[in-house]
Amino acid sequence: MKSLVRDSLRARARNSLRARARDSLRIRARDSLRIRARDSLRIRARDGLRIRARDGRALGTVHAEWTKLRTLHSTWWLLFAVVALTVLAGAATAASLTAGDCPVPADCHEDTVKLSLTGVWLGQGAVVVLAVLTMSGEYGTGTIRTTLTTEPGRIRLLAAKALVLCTLTAAASAVGVLGSLLAGRMLLSADGFVTPGLTEGPTLRAAVGTVLYLTLAALIGLGAAAALRDTATAVTSVLGLFYAFPLLAGLLADPDWQEYARRAAPATAGLAIQATVDLDQLPIGPWAGIGVLAGYAGAALVAGGSVLRMRDA
């Protein structure tokens, strides 16, 4: 009898220990899951706040750069110059082509779209000056130190300037290109020249490509200004790249080298996008030429961003 009671007590004790151990493991597992879930939520919340803060800083930087540009009178004068020079020079070039230059205008096969957009050669100068002043103007006045204090992320600062500059340049360029095409169409049609519709594929490609050309030219100017940090030096360098390079290419005696230089020159390569007839006679294809110009813009921004990061203001 005593043996049965003792065995019963031992069994109860053993079962009780097992139950306690099992309950303890369950509680620990449950608590561990709760802690992990809480930590996971904390990490997600912290990462979410960081992302929101980063996005907020980026938007704040863009807003600050937009405020700077729009409050400068020079910005609006230069944007007006882009439109005026593009339209007026294009209209003057279109008006200079008369019936006397081509007895049967309909049989001339003149590229009237490219002719109407000739004013871009002058408009790009105003774009370059605006782009350079967007960055170098702060170095000239010394406000770049304040800018870098409020926005220590220098690449983010350059990206914000590029975004605002590209938006303004594209808007002004679109107005100038549309005005040039309308003026050229009106003047050339009056003399009997064939003018394609504004919605035709080649015309749309030339118009959109020209806006893209001027936007990329602005990025080259911005990158050069960030790298050189001096208005006169940057403007001279970029204008020389767009105007002097094609002239030097034309002075080469070897036809093969001349062809290579025309393909490498940013202006002649990029403006191939304006051609709507005789595309096989171009030194480079329309979109390939834009690709060359985009390469110059990328190189300029990389150089400018590198100098901006490595050198103090």
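The protein is built from 11 helices and zero strands, and its elements, read from the N terminus, run α-α-α-α-α-α-α-α-α-α-α. The model is a predicted one, and every value below was computed from it. Of the 313 residues in the protein, 38% are buried. The accessible surface comes to about 17200 Å², and carbon and sulfur atoms account for 64% of that area. Among contacts in the protein with a separation of 6 or more, 78% are between residues 24 or more positions apart.

**Salt bridges and their network**

A search of the whole structure finds four salt bridges, and three of them are listed here with the distance between the N and O atoms.

| Salt bridge | N to O distance |
|---|---|
| K68 and E65 | 3.0 Å |
| K68 and E138 | 3.3 Å |
| K161 and E138 | 2.4 Å |

These salt bridges share partners, and E65, K68, E138 and K161 are thereby joined into one network. The pair K68 and E65 lies within helix α1, which covers residues 2-70, and because the two are three residues apart, they are separated by about one helical turn. K68 is partly exposed, with a relative accessibility of 27%, whereas E65 is buried at 4%.

The salt bridge between E138 and K68 has a closest N and O distance of 3.3 Å. E138 lies in helix α4 (residues 120-141) and K68 in helix α1, so this pair ties together parts that are 70 residues apart in sequence. E138 itself counts as buried because its relative accessible area is 8%, and buried means under 20%.

The side chains of E138 and K161 also meet, at 2.4 Å from N to O. This pair links distant parts of the chain, with K161 in helix α6 and E138 in helix α4, 23 residues apart. K161 is buried, with a relative accessible area of 1%. Which residues, then, are joined into one network by salt bridges that share partners? They are E65, K68, E138 and K161.

**The packing of helices α6 and α7**

K161 also takes part in the contact between helix α6 and helix α7. Helix α6 spans residues 154-190 and helix α7 spans residues 201-228; the two pack at an angle of about 145°, with their axes 8 Å apart. The crossing in which α6 passes α7 is right-handed. On the α6 side, the contact is made by L158, K161, A162, L165, C166, T169, A170, S173, A174, V177 and L181. On the α7 side, the residues are T203, A207, T210, V211, L214, T215, A218, L219, L222 and A226. K161 thus belongs to this contact and also to the salt-bridge network with E65, K68 and E138.

**T112 and R229**

T112 is found in helix α3, which covers residues 112-116. With a relative accessible area of 5%, T112 is buried. When its neighbours within four places in sequence are left aside, T112 is in contact with L188, F193, V194, T195 and P196. Of these partners, L188 falls within the residue range 154-190 of helix α6.

R229 is placed in the loop between α7 and α8, the latter being residues 231-250. R229 has a positive phi of about 65°, although it is not a glycine. R229 is buried, with a relative accessible area of 13%.

**A nonpolar patch on the surface**

L252, W257 and Y260 make a nonpolar surface patch of about 360 Å². W257 is located in helix α9, which covers residues 255-264, and Y260 is located in helix α9 as well. Are these two aromatic residues of the patch exposed or partly exposed? W257 is exposed, because its relative accessible area is 56% and exposed means over 50%. Y260, at 48% relative accessibility, counts as partly exposed. Y260 and A249 are 11 residues apart in sequence, and their C-alpha atoms are 8.5 Å apart in space.

Conventions
Residues are numbered from 1 along each chain as its sequence is written. This is a predicted model: local features need pLDDT of at least 70, side-chain atom pairs count only at pLDDT 80 or more; totals for chains, interfaces and linings use all residues. Side-chain values use heavy atoms; hydrogens and water are left out. Patches are made of residues with over 30% relative accessible area and no salt bridge: like charges are joined within 9 Å, nonpolar side chains (Val, Leu, Ile, Met, Phe, Trp, Tyr) within 5 Å. Accessible areas come from the Shrake-Rupley method with a 1.4 Å probe; for residues, only the protein chains shown count as cover. Helices (H or I, at least four residues) and strands (E, at least two) are DSSP runs, numbered from the N terminus. Buried means under 20% relative accessible area, exposed over 50%, partly exposed in between (1.4 Å probe, protein chains only). Axes are lines fitted to C-alpha atoms, for helices over the stretch in contact, and angles run from 0 to 180 degrees between N-to-C directions. A crossing is left-handed if the near helix is turned anticlockwise from the far one by less than a right angle, and right-handed if clockwise. Contact means heavy atoms within 4.5 Å.
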